[in-house]
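Student: I have a structure to study. Can we go through what its labels mean?

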Amino acid sequence: MFSGLSAFPLTPVKNGIIDEVAFARLVERLATSGVDSICALGSTGNYAYLSCSERIRITQLAVEHAGNVPVFIGIGALRIRDMLALAEEAQKAGARGILLAPMSYQKLSEDEVINLYQTVTRSLSVPLVVYDNPSTTHFEFSDELHGQIAQLPNVASIKIPGVPAVSARLRVNQLRALIPAHVTIGVSGDAFGAAGLNAGCEVWYSAIGGLFPQAVLAITRASQAGNAQEALLLSERLEPLWALMRQHGSLRVVAAAAELLKLVDSPSLPVPLRAVTGADRELLASLIGELGLA
């Protein structure tokens, strides 16, 4: 279950509230695309900007519309109280896994992060993905800390930031030596997806895969089949898209693309966030056609 392509859909917001119809449509597209799992309420899912009640509703919709595709749910929050409540509701709804980032306002210490994962994993009956995303949480995991957390019950996968191809194999091997064999390593940062899979990551946790699953699946399946060079070439073809994501962040690019495709209404992000605008939005529209992403 924690292998292949895990696609992260956008949670569209319309007039200040979640657009349930549009979100269900995005999940249904993924359910019929061949992705290996769907992860709602990751960073691409705007989880930090939604209330607990909104997140519970999104959880229910994701499970309802995903068909037989496993659904993971992000439960990161500022307080453990809320994380535990969200985890309980996700399990009640039928989520097959939990995604947890050490979200905070005050920067967390390693002891606080260990306590966080100890507390949450004790309450779970489903597997957990450790969400390592320093660009949003401002907390950096050491490999040793990953090794400690990976020993906890129910920990099934670690989502690490992407690294360049030249150092990816070393990074993955160093982490693999510290974690149990049953815990998979997943790559994020879409520009690094092919390099991560080629270096031994078992799963690609993908933001752009939540909107353009076929393009990301082609890269994933090539790498899984041992065609490392093909996977890299397919990824390099998408470099103009990766460049926009580096400039604006994946969420703003995904939102703009979903708006351009009329899959969601514009604007689709919670204020004060804004999707890509101006000349870069026009460039994105061109790239969607030129790269055959629509």
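**Labels and their reasons**

Tutor: Keep in mind that this model is predicted. Start with helix H3, residues 80-93: Glu89 and Lys92 both lie there, 3 residues apart, about one turn of the helix.

Student: What makes Glu89 and Lys92 a salt bridge?

Tutor: Their N to O distance is 3.9 Å. The cut-off is within 4 Å, so the pair counts. Glu88 joins Glu89 and Lys92 in a network of salt bridges.

Student: Why is Lys92 called exposed?

Tutor: Its relative accessibility is 58%. Exposed means over 50%, so Lys92 qualifies. Glu89 has 26%. Partly exposed runs between 20% and 50%, so that is the label for Glu89.

Student: How do you know that Asp143 and Arg171 meet in a salt bridge?

Tutor: Their N to O distance is 2.8 Å. That is within 4 Å, so the label holds. This pair links distant parts of the chain: Asp143 sits in helix H6 (residues 143-150) and Arg171 in helix H7 (residues 165-176), 28 residues apart.

Student: Are Asp143 and Arg171 buried or exposed?

Tutor: Asp143 has 15% relative accessibility, and Arg171 has 17%. Buried means under 20%, so both are buried.

Student: How many salt bridges does a search of the whole structure find?

Tutor: The search finds 10.

Student: Why is the pair Phe139 and Phe141 called edge-to-face?

Tutor: The ring centres are 5.2 Å apart, with 90° between the planes. Pairing needs centres within 6.5 Å, and edge-to-face needs over 60 degrees, so both tests are passed. Tyr117 forms one aromatic cluster with Phe139 and Phe141.

Terms used:
Residues numbered from 1 in each chain as written. Predicted model: local features only at pLDDT ≥ 70, side-chain atom pairs only at ≥ 80, totals over all residues. Heavy atoms only, no water. Phe/Tyr/Trp six-rings, centres within 6.5 Å; stacked < 30°, edge-to-face > 60°. Salt bridge = Lys/Arg side-chain N within 4 Å of Asp/Glu carboxyl O. Helix = DSSP H or I, 4+ residues; strand = E, 2+ residues; numbered from the N terminus. Buried < 20%, exposed > 50% of the residue type's maximum accessible area, 1.4 Å probe, protein only.
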